[in-house]
Amino acid sequence: MVQQAGSKPQGKKISWEELAKHNVGDDCWMAVRGKVYNVTDWVPKHPGGYDTIVLNGGRDGTQLFEAYHPIKTSLLLQKYYVGEVEYDGEHPYFPPMSPFYIELKQKIENYFIDRKMSPRYAPEMLIRTAGLITFTLLCHYLAITTSSLTISVILAALMGVGCALISFMPVHEGSHASTTESPLVWRLMGAVHDFVNGASFYTWLHQHFLGHHPFTNVTNGSEKGDAIDPDVFTNDPDIRRIKPHQRWYQRYKVQHLYVPVLYGLLGIKYRINDFVITYSLKTNGVIRMNPMTQWHEAMFLGGKAFFVFYRIIAPAIYFVPLWQSILLFVVSDLITSYILAFVFQVNHVIPQAKWPTVDPKTGFVDWDWAKMQIGTTLDYAHGDWMTTFLTGALNYQVTHHLFPYISQVHYPEIAPIIREHCKKYGVEYHVLPTFTDAFKAHIQYLAIMGHDHADFH
């Protein structure tokens, strides 16, 4: 039986402060649709692994629970029930699953059942992972051993491409537990981010898995900035204006010129934020950081140390002057940052995307969650295998947001089912012909948001 002794009796109201205390593997509570469940005894048995359930510990996991599980799974929660959570504004909540969403989930589940295939079946992703790691590290080795500075810089740039593709493929798949059924494989894919890219996988899980996916583009509607989705969090003033309700400043008039240039600092920003968020703030916007396990802390600190050693220190000691080692790092990191930034931005920060707002009194977002994922997202270049490969299938972003547990190798086959379903229900589905069109849309959006009182919606 679940350990309930000494905890809240069944049916009792539980505050968010109380819920938040139960956020580790041996004391794990989570809320789904206003009900609190003590899933501590289920943690070691969870088919989705330790991380995906414990990360949701101490918080509302409704959207992720419903996105990752078949509808019937909710019945299994009942034996873990301990009480009702009292809403106090920490996380927004959404209407119950709509017929649109329920029917679509069933269609996608049937797609894999009919083919006797797991949605996580993706052996080619393991091959890609090995190939990308080999390619990236080989480019690095050749860059620091060649006698030609020009060739060295070109190889560093290619390494930057490799690091970006690693982020799009193994790291992204690992963060969504979407390749194989093995939690160990997911952790190892994530560790590549720590050691090869020097960015914390654990911090990324909190930003992306816990923040961005459940609350895509969701804001509090304040002109002073802020957001529920960490990916679009803004301060007041901020370096850019991307939300219609943000306060306007003079410099935004030319943000479409300077902001894309600053995207090259994305890698440095994330690595600094890793320390600030994890050890100082202990929160990424409204997303609280749960305590690290020994594994994740070892990956965090070990990854940072190894990254600095293999990218800068070792090359400077054994192969090239320090200035060249730093130059190669800068070139590589700029390429990685630009690729990641532009691919991420064109999916959600564009004219077609909506900005859902939380009711400040109730915390309610009055929009079906599945329809919101479609309304806040832009697809592009469907059917273009090269774009699909180079973006880690994020050109099928709607598919990814609705079904994050499915491996990206299946997106091109699933997307037509979703588009047809949207047509049936009259749900607008945004897709552009090419990445270039999506890129232009992002720049256009920055330009329009640079005008005083610009407001799309």
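In strand 5, look for Tyr-81: this residue is the bridge partner of Tyr-37. Keep in mind as you look around that you have a predicted model in front of you. Strand 4 and strand 5 (residues 81-85) run antiparallel, and three bridges join them. Strand 4 (residues 35-38) also pairs with strand 3 (residues 27-32), again antiparallel, this time through four bridges. One spot to find there is Trp-29, which stands opposite Asn-38 in strand 4. Strand 3 and strand 4 form a hairpin with two residues between the strands, and Arg-33 in that hairpin takes a positive phi near 55°.

Now for the empty spaces. How many cavities of 30 Å³ or more does a search of the whole structure find? There are five. The largest cavity holds about 90 Å³ of space. Among the residues that line the largest cavity are Asn-56, Arg-59, Asp-60, His-91, Leu-210, Phe-215 and Ile-287. Which helix gives the most to this lining? That's helix 3 (residues 62-68), with three residues. Sorted by class, the lining of the largest cavity has five nonpolar residues, five polar ones and two charged ones.

Next, turn to the second largest pocket, where about 790 Å³ of space lies. It is lined by 32 residues, and the closest to the pocket's centre are His-46, Tyr-68, His-69, Pro-70 and Thr-73. Helix 2 (49-54), helix 3 and helix 4 (99-114) each supply at least two residues of the lining. Helix 4 has the largest share, with five residues. By class, the lining of the second largest pocket divides into 20 nonpolar, seven polar and five charged residues.

Let's move on to the aromatic rings. The structure holds 26 aromatic pairs. One of them is Phe-275 with Phe-300, an edge-to-face pair at 5.2 Å centre to centre, with 85° between the planes. This pair links distant parts of the chain: Phe-275 belongs to helix 10 (residues 266-281) and Phe-300 to helix 11 (residues 294-318), and the two are 25 residues apart. Are these two rings buried or exposed? Phe-300 counts as buried because its relative accessibility is 0%, which falls under the 20% cut-off. Phe-275 has a relative accessible area of 39%, so it counts as partly exposed, in between the 20% and 50% limits.

Follow helix 11 to another pair, Phe-307 and Phe-329. Why is this pair called edge-to-face? Their planes stand at 75°, so the pair counts as edge-to-face, with ring centres 6.0 Å apart; the cut-off for that label is over 60 degrees. Here, too, distant parts of the chain are linked, with Phe-307 in helix 11 and Phe-329 in helix 12 (residues 322-348), 22 residues apart. Both Phe-307 and Phe-329 are buried.

Rings can also join up in groups. Tyr-263, Tyr-338, Phe-342, Tyr-380, Phe-435 and Phe-439 are linked into a cluster by ring pairs.

Finally, check for charges sitting over rings. Go back to Phe-300 and you'll find Lys-304 over the face of the ring, at 4.7 Å from the ring centre. So Phe-300 is a buried residue that pairs with Phe-275 and has Lys-304 over its face. Elsewhere, the charged end of Arg-251 sits over the ring of Tyr-249, 5.9 Å from the ring's centre.

Technical notes
Residues are numbered from 1 along each chain as its sequence is written. This is a predicted model: local features need pLDDT of at least 70, side-chain atom pairs count only at pLDDT 80 or more; totals for chains, interfaces and linings use all residues. Side-chain values use heavy atoms; hydrogens and water are left out. On a 1 Å grid over the protein atoms alone, a cavity is a set of points where a 1.4 Å probe fits but cannot get out, and a pocket is an open set with protein on both sides within 12 Å along at least five of seven lines; lining residues have an atom within 4 Å of a point. Grid points are joined across faces, edges and corners, and a volume is the space filled by probe spheres set on the points. Ala, Val, Leu, Ile, Met, Phe, Trp, Tyr, Cys and Pro count as nonpolar, Asp, Glu, Lys and Arg as charged, and the others, Gly among them, as polar. Two strands pair if DSSP finds at least two bridges between them. Rings of Phe, Tyr and Trp (its six-membered ring) pair if their centres lie within 6.5 Å; planes under 30 degrees apart count as stacked, over 60 as edge-to-face and the rest as tilted. Buried means under 20% relative accessible area, exposed over 50%, partly exposed in between (1.4 Å probe, protein chains only). A charge sits over a ring if NZ of Lys or CZ of Arg is within 6 Å of the ring centre and within 35 degrees of the ring normal.
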